[in-house]
Amino acid sequence: MSGSKPDILWSPHHPDRYVICDSELGLYRIGPVGSTEAKAGTLPLSEETAATLLAINSDTPYMKCVAWYPKHEPECLLAVGQANGRVVLTSLGQSHNSACKELVGKEFVPKHARQCNTLAWNPVDSNLLAAGLDKHRADFSVLIWDISSKLSPETSVAAEKIRLSSVDLDSSTVVTKPLYELGQNDACLSLCWLLRDPKLLLAGMHRNLAIFDLRNTSQKTFVNTKAIQGVTVDPHFHDRVASFFEGQVAIWDLRKFEKPVLTLTEQPKPLTKVAWCPTRTGLLATLTRDSNIIRLYDMQHTPTPIGDETEPTIIERSVQPCESQIGSFAWHQSSQNRMVVVSATNRVMTDFTVFERISLAWSSTTSLMWACGRHLYECVEDSAEGVESLIEKDIATKMRERAQSRYGHDTVQVWRNHLLAGGKDPQLKSLWHDLFYILSVSHMKQCAEDMELKLQGNVQSVVYSGIKNIVKTTSGTTESRRCWSGSDRQTDVPRYHSEERCLALRLCGWISRGTDTDVENFLRSLEQEHEWERAAAVALFNLDIRRAIQILNKGAMAEKGDLNLNVVAMALSGYTDEKSSLWREMCSSLRLQLKNPYLCIMFAFLTSEPGAYDGVLYESSVAVRDRVAFACMFLNDAQLPRYIDRLTLEMKEAGNLEGILLTGLTKDGVDLMESYVDRTGDVQTASFCMLKGSPGEVLKDPRVQCWIENYRNLLDAWRFWHKRAEFDIHRGKLDPSSKPLAQVFVSCNFCGKSISYSCSTIPHQGRGFSQYGVSGSPTKSKVTSCPGCRKPLPRCALCLMNMGTPVSNCQGTGKSDEKVDLTRENKLAQFNNWFTWCHNCRHGGHAGHMLSWFRDHTECPVSACTCKCMQLDTTGNLVPSDSS
Amino acid sequence: MQKQSSGEELLATRNMDLHILDHRLRVTSISKNGLVNFTHPLIKLIFLRNRTRCKFFSLTETPENYTVVLDEEGFKELRPSEHLQVESAIWLPLNVVSNGSASSSSQAVGVTKIAKSVIAPLAQQHVSVFMLSTYQTDFILVKEKDLSVVVSTLEEEFNIYKEEGGESVPVHCQDVSNGLHKNGREAIQPTVHPVLIPKNQFCVMSLDPDTLPSIATTLIDVLFYSSSPKEDPQPSPSQDCVKFFSFSLIDGYISLVMDTEAQRQFPADLLFTSSSGELWRMVRIGGQPLGFDECGIVAQISQPLADSDISAYYISTFSFDHALVPEEDIVSVTDMLQHQRNEPATS
């Protein structure tokens, strides 16, 4: 600190005052920029704060160290340690009649002059001032002065003897007899009083750290180390001490003082200051020479050291408070993470607040929280409206809602699943309808043998494999030219028929059974759903213009109907196959202005040359199923697979679920689903969809397994445990290989055999003990002894009945109830009968009894057993967030 | 007398540490006439601490010559010359650190304190020592080849540490005993050397290394320009005052020993000394150069001083040894030495 190297001290009691000491002492007051701006001589410290110089004291030359009196009164009393070892009390900015008048100017002189390295006021007994001095062969290096000591008569005698000092000593202010002398023939480089006991003084001596106890000064605790500079106690953890040597900081635990609990990474340059943050636990700031950064070590999460091997983790980071090289810094006593930094030269000061690290956490739902310092923030966006819709659009929210509405679980009316998903997503609608048709077709094939024999063998796989594969195998296609129905005009439009095309049409949902090509049912259902344009298009493609016009009229007249449909009907009625008619010309150009794609393709169909239906086939806003059905009717055997292949590729690339119709639940379908999941993240739909697929190849695909596992994890994360269990059951039905084998068995205490294995009435081994003695069946529930050795099963600790006996409050499980689907109560009653036991104390009994016991108790029900069984069960206290 | 006190001594020294410091020292001498050839390295070693890696430097001017004790890093700076005499051995500095109990019964300090525990036992084992007292501490220099004897002699009473790269490593006898074990036990009867007690008063002082530049000119003046040509290069024993000035810079600590004459040339507020401003008188031991092999010379002086509980500094130089005793005790010391001189004759 002498000469150029400055230091800073905050006032212990005025949060806005600090002292800078270099060659002189300067007292500053810090305040907001606004209030001090007008006054001359203020120094800006930051954008908001500025400092005003209040007083300068240059009475004490050769300053080596300074310490601020810790108590309120007298305020602004400073002890200055000088190069010759004298300690002088001085003051700044005080009126002369203040309380410290008799103290100011008092000097404490060691017997042998040498540099004073450090000063430390006792935080409790504030009369005590410890000074650490350099080595002298005959003298002590730690002197503890009592600043209130009455000047002894010997002092004046000693003062007379001073012949060498040129400073004229006023004998009345000089104290030469310290209260305690410690550390003979040694040097003291740093000092601090221990906060855990104000009688203990920690000193960094030459090559060792020593703890002196003022109650017994002949003893000291010490440890040999190089790290003896800058000893400082953590204000938040009184056993933790930091010290340093050159570039290395050592952290000590006074309870285990033999060696540092931790040494921080060594810096290339020697350290000059190390300080614990007083406002935050475990934050240590360090400064090295010629540096413009302050390095921070966060020991916040450091566990209390237990074993030798535990090297605690610390987070290291650097802050740069100012451009210039830093001379010194000082943490503010109360403002959080705030410090004032002074530059190495020119006394440029900076007010700086260390920004806290931010930790961020997403919940398993949509909320976002972050913590910074002592604050916890929850993320809320400004425009509530936008957020709502954003959150609604988020796939996680959707999946969560869909899981709650049992999406995917309707296995009978499969298409209804899209309604469970909210009914808003056209792709999902298409997907579930596709699956519905696929399943119903394959189901029909199995039951009614109304299909040609040649398809029978592989019908299952053909149906699952999608239209793409079906049309590949197409053969025996017949061509027909039909009349426009209701008119005898021959069309020149060839229409193609074959078994496969027919099957494809059924998968598209246009026709419902067998070779029946009647679309009337389909049209009616479309009318019911008010899909007038689509219905009209379908009617038209079946060459029934009259029906199409009827439908459009109906649509125009229906409630909220579009009257324009009448106009369209009118235009349609003017159809002529005259190649060069005005009608044709106008329709082919004006149709592009029609907003409804179905109306558009109707005119495209009517104005196209036979076999050249690009206007219909590549109208992307028309549902894939309709385009495919159209293609199956009007494209020849060469065109059809080409078109289907092209469309399939397009769907796969876009991840469009409508394409499942083409790919089916095949490898292709998994590829398509993969790009859908990549695009949306909707593992839920992917899982449910692929579970319907053929168990063999599709379900074994690692991608499918990954989606399923992720969906299960997601349900667990939402604490939808019941949903997850339902999903597992659902999955087990469709994919029996996914059922886990029994992993836990209850073995008899006497013979060691599994009591469930020997229970021959149970057909398979899964879920060993859950099945044991718990179902409503009287024959099974009577088993209260080991089937192997006939010895009784253990007794329930609460009811003292042998296990296997149903719990008493579960009565009336007669035979008639069994047939009925088990109600919630019954399921619960079954669970109440389960075996359960603590893995720690091995006591247990009926699950129901145990649950009710631990509702009111923490200890094991067995007397004299103090095991806190339930608390050992980490998941035992969690509550599922789905209520079912 | 000695037997009675040995028990006490053991108790007192049990809490003492002996540190073998991490310096390998050379003892050299520059002749008065040859000093001019060494001004550059000496100035560098004294004032330019950042330019040299020398950690142990001591320069003592006596009427005969300049004794320079310095570590190997510093020794590299000195060019071989006909004016430079170098003692062949490597010397290791030992330092005694009291560890714990500060309540020593004796008020005396310095060599006196270690006279019985270190110096006397070493003298008995025929270990030659070279003493260097400073303001801060006392260094006992022993030859490197004697280290095993030193350790085996002192390890009963001291915890011995060897400092290596800043760490103190405990040392035991077996660690070092594979060298020469014991020095010869012949030549029991030590020579009693003549003493000279000049009239000048000395003071032992220190200085903040940061303020060294501000006394640089004075120091250079005193060190290099003190011997005016009129002065007789050969000291005459009858002379009242003897030129003696010592400067050392060891591990960053400065120590100065000078007579009051020289001290007056320095600005008083920069030099540190004891608040009582004590003054010292010198006892020079040896009529002719003592050499480096004779042992027991320090013990001869320190033993009786210790018996009388008189503090002392002790500075060995290339030719002679010098003890500094408090001014007020010089009469009794003179008597004591006189008595000692007569005693071997009678015994």
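**Exercise 1. Identify the residues that ring pairs link into a cluster in chain A, and classify the pair B:Trp280 and B:Tyr313.**

*Solution.* Step 1. Rings of Phe, Tyr and Trp (its six-membered ring) form a pair if their centres lie within 6.5 Å; planes under 30 degrees apart count as stacked, over 60 as edge-to-face and the rest as tilted. Such pairs join A:Tyr407, A:Trp432, A:Phe688, A:Tyr711 and A:Phe727 into a cluster.

Step 2. This is a predicted model, in which local features need pLDDT of at least 70 and side-chain atom pairs count only at pLDDT 80 or more, while totals for chains, interfaces and linings use all residues. Side-chain values use heavy atoms, without hydrogens and water; residues are numbered from 1 along each chain as its sequence is written, and chains are lettered from A and ligands numbered from 1 in the order in which they are written.

Step 3. Over all chains there are 32 aromatic pairs. The ring centres of B:Trp280 and B:Tyr313 are 4.7 Å apart and their planes stand at 85°, so this pair is edge-to-face.

Step 4. B:Trp280 has a relative accessible area of 4% and is therefore buried (under 20% relative accessible area; exposed is over 50%, partly exposed in between; 1.4 Å probe, protein chains only). B:Tyr313, at 3%, is buried.

**Exercise 2. Find the charged residues that lie over the rings of B:Tyr66 and B:Phe320.**

*Solution.* Step 1. A charge sits over a ring if NZ of Lys or CZ of Arg is within 6 Å of the ring centre and within 35 degrees of the ring normal.

Step 2. Over the ring of B:Tyr66 sits the charged end of B:Lys32, 4.9 Å from the centre. Over the face of B:Phe320 lies B:Arg284, at 4.1 Å from the ring centre.

**Exercise 3. Describe the largest nonpolar core and the surroundings of A:Ile467.**

*Solution.* Step 1. A nonpolar core is a set of buried Ala, Val, Leu, Ile, Met, Phe, Trp, Tyr and Cys residues joined through side-chain atoms within 4.5 Å. The largest has 102 residues, and A:Ile467, A:Phe605 and A:Val628 have the most contacts inside it.

Step 2. Contact means heavy atoms within 4.5 Å. Setting aside neighbours within four places in sequence, A:Ile467 has contacts that include A:Ala504, A:Leu507, A:Val628 and A:Leu661.

Step 3. Another core, of 41 residues, lies apart from the largest; among its members are B:Val96 and B:Leu290.

**Exercise 4. State how confident the predictor is in chain A.**

*Solution.* The pLDDT is the predictor's confidence in each residue, from 0 to 100. Its mean for chain A is 79, and 81% of the residues of this chain reach 70 or more.
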